[in-house]
Amino acid sequence: MDASHPGLVADSLDRRIISALQIDGRASWHRVATAFGEPERTVVRRGTRLLDSGLVRIGAMMVRGRSTVIGVRCAPGQARVVATALARRPDCVFAHVLTGTWDCVAEVQCPRDRLAGLVMDELPGLPGVVRTLTLPVLRHVRTIREWHAGLLTETEIAALAEGTPASAAAASADLLPAFEGAELSRSDRLLVNTLAEDGRCTYDELARVCGVSEATARRRLGALRREGRVRVRAVIEPVLLGLPVEAVLWVRAVPAAVDSVAGALAESPHVRYVSFVTGERQLLALTAFPDEAALHDFVTRSPWLDEAASVDVSMVLGSLKRGGMLAPWLRG
């Protein structure tokens, strides 16, 4: 289901450039080269090749509401169909097909006043759905946008993030009540839609599409990113960073230890995403590892397991949407 070409990622510098674009998808090659202490010509050549190959895609995603994680049990042979239907929702952030109890998992951004309709009408109405699990996210501990696979130093991360509008408005759900449900202007919608296709398009291109001046396009995008309403991110397959084994962890801890376990998970370079959710298992984590042995060690020997009551592991069989961007074979 995933069509990856890790052979086109030449070495550690390619992977570090990918990590830089995860911090800021619109970072200039000059800023990346300066942060790494590498020749700008080399960074331009490597980065352009990665983008032109389609291995790394830069897109913008509008924040539409509070996050809710959905698990779905499907009728036999219907997992791909259901996951595709979820992935095609404009409010879907990610959608993966899994092994285990739940055949697929997705995150959608749903204003709380629409949650009842989602749970009672929209999800049960999807063809192939047998049972659903709905887990509103209480707090994000780490999102994919904050994951860099441990390839960059703190100094490099700080240099890349300096002056980035997104860094001022982290992806915390606490920011959402100020604008949840608020509509964007027509020019802002055009701006976001254009960036969704190419997150690195120039301000001049944005201005021409939106019918505004270049200065206005620059100012509006900066404001939307500072407010946390729009996120510009690099979307990649973890296999490009040498991490082909992906798994979803459903973790239950005693209430007094939930914060401690969540913090320990977030410190691991193998944990791409971790959130507090409602339900029997308070923590949901998306992870990536170099092989099954590394995953086994993580869920059997990690120190945080001393405070965990249970850990369920689901392997990711395929991804139909990441970072708000459909898999290439679903586009068009």
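How many bridges pair strand 5 with strand 8, and in which sense do the two strands run? Strand 5 (residues 129-142) and strand 8 are antiparallel and share four bridges. The model described here is predicted.

**Strands 8 and 9**

Strand 8 covers residues 271-277, and seven of its seven residues are buried, so the rest of the structure largely encloses this strand. On the strand 5 side, Arg142 has Val274 of strand 8 as its bridge partner. Strand 8 is also joined to strand 9 (residues 283-289), in the antiparallel sense, by five bridges. In that pairing, Phe276 lies opposite Leu283 of strand 9. The two strands make a hairpin, with five residues between strand 8 and strand 9. Gly279 sits in the turn and has a positive phi of about 105°.

**Strand 7**

Strand 9 is joined to strand 7 as well, by seven bridges, and this pair runs antiparallel. Here Glu246 has Ala288 of strand 9 as its bridge partner. Strand 7 pairs with strand 10 too, again in the antiparallel sense and over seven bridges. Within that pairing, Val251 is matched with Val311 of strand 10. Is strand 7 largely enclosed or largely open? Eight of its nine residues are buried, so strand 7 is largely enclosed by the rest of the structure.

As background, side chains in a regular strand alternate between the two faces of the sheet.

**Salt bridges**

Side chains of opposite charge can pair when their charged atoms come close. The model has 18 salt bridges, counted with a cut-off of 4 Å between a side-chain nitrogen of Lys or Arg and a carboxyl oxygen of Asp or Glu. The table gives three of them, with the N to O distance for each pair.

| Acidic residue | Basic residue | N to O distance |
|---|---|---|
| Glu122 | Arg89 | 2.7 Å |
| Glu246 | Arg272 | 3.4 Å |
| Glu246 | Arg322 | 2.6 Å |

The salt bridge between Glu122 and Arg89 links distant parts of the chain, 33 residues apart. Glu122 belongs to helix 5 (residues 115-122), while Arg89 is in the loop between helix 4 (79-87) and strand 3 (92-98). Glu122 has a relative accessibility of 31% and therefore counts as partly exposed. Arg89, with a relative accessible area of 17%, is buried.

Glu246 takes part in a salt bridge with Arg272 and in another with Arg322. Arg272 lies in strand 8 and Glu246 in strand 7 (residues 245-253), so this pair ties together parts that are 26 residues apart in sequence. Both Arg272 and Glu246 are buried. The salt bridge between Glu246 and Arg322 connects strand 7 with strand 10 (residues 308-322), and the two residues are 76 apart in the chain. Arg322 is buried, as is Glu246. Elsewhere, Asp11, Asp14, Arg46 and Arg49 are joined into one network by salt bridges that share partners.

**Nonpolar cores**

The largest nonpolar core contains 43 residues. Those with the most contacts inside this core are Ile17, Val32, Phe36, Val56, Leu160, Leu191 and Leu206. Helix 1 (residues 12-23) supplies the largest share, with six residues. Beyond its neighbours within four places in sequence, Val32 contacts Ala20, Ala27, Val43 and Leu160. Another core, of 23 residues, lies apart from the largest one and includes Ala83, Cys104, Leu115 and Leu126.

**Helix 6 and Arg16**

Helix 6 spans residues 154-161, and Glu156, Ile157 and Leu160 are buried there. Viewed down the helix axis, the buried residues fall within an arc of 100°, so they line one face of helix 6. Glu154 and Thr155, on the other side of the helix, are exposed. The cover over the buried residues of helix 6 includes helix 1 and helix 2 (29-36).

Which residue does the side chain of Arg16 meet in a polar contact? The partner is Glu156, side chain to side chain, at 2.7 Å. Arg16 is located in helix 1. Its relative accessible area is 16%, below the 20% cut-off, so Arg16 counts as buried. Not counting residues up to four places away in sequence, Arg16 touches Phe36, Leu151, Leu152 and Glu156.

Methods
Residues are numbered from 1 along each chain as its sequence is written. This is a predicted model: local features need pLDDT of at least 70, side-chain atom pairs count only at pLDDT 80 or more; totals for chains, interfaces and linings use all residues. Side-chain values use heavy atoms; hydrogens and water are left out. A nonpolar core is a set of buried Ala, Val, Leu, Ile, Met, Phe, Trp, Tyr and Cys residues joined through side-chain atoms within 4.5 Å. Buried means under 20% relative accessible area, exposed over 50%, partly exposed in between (1.4 Å probe, protein chains only). Contact means heavy atoms within 4.5 Å. A polar contact is a pair of N or O atoms within 3.5 Å; within protein, one must be able to donate a hydrogen and the other to accept it, and residues adjacent in sequence count only if both atoms are side-chain atoms. Two strands pair if DSSP finds at least two bridges between them. The arc is that of the directions from the helix axis to the C-beta atoms.
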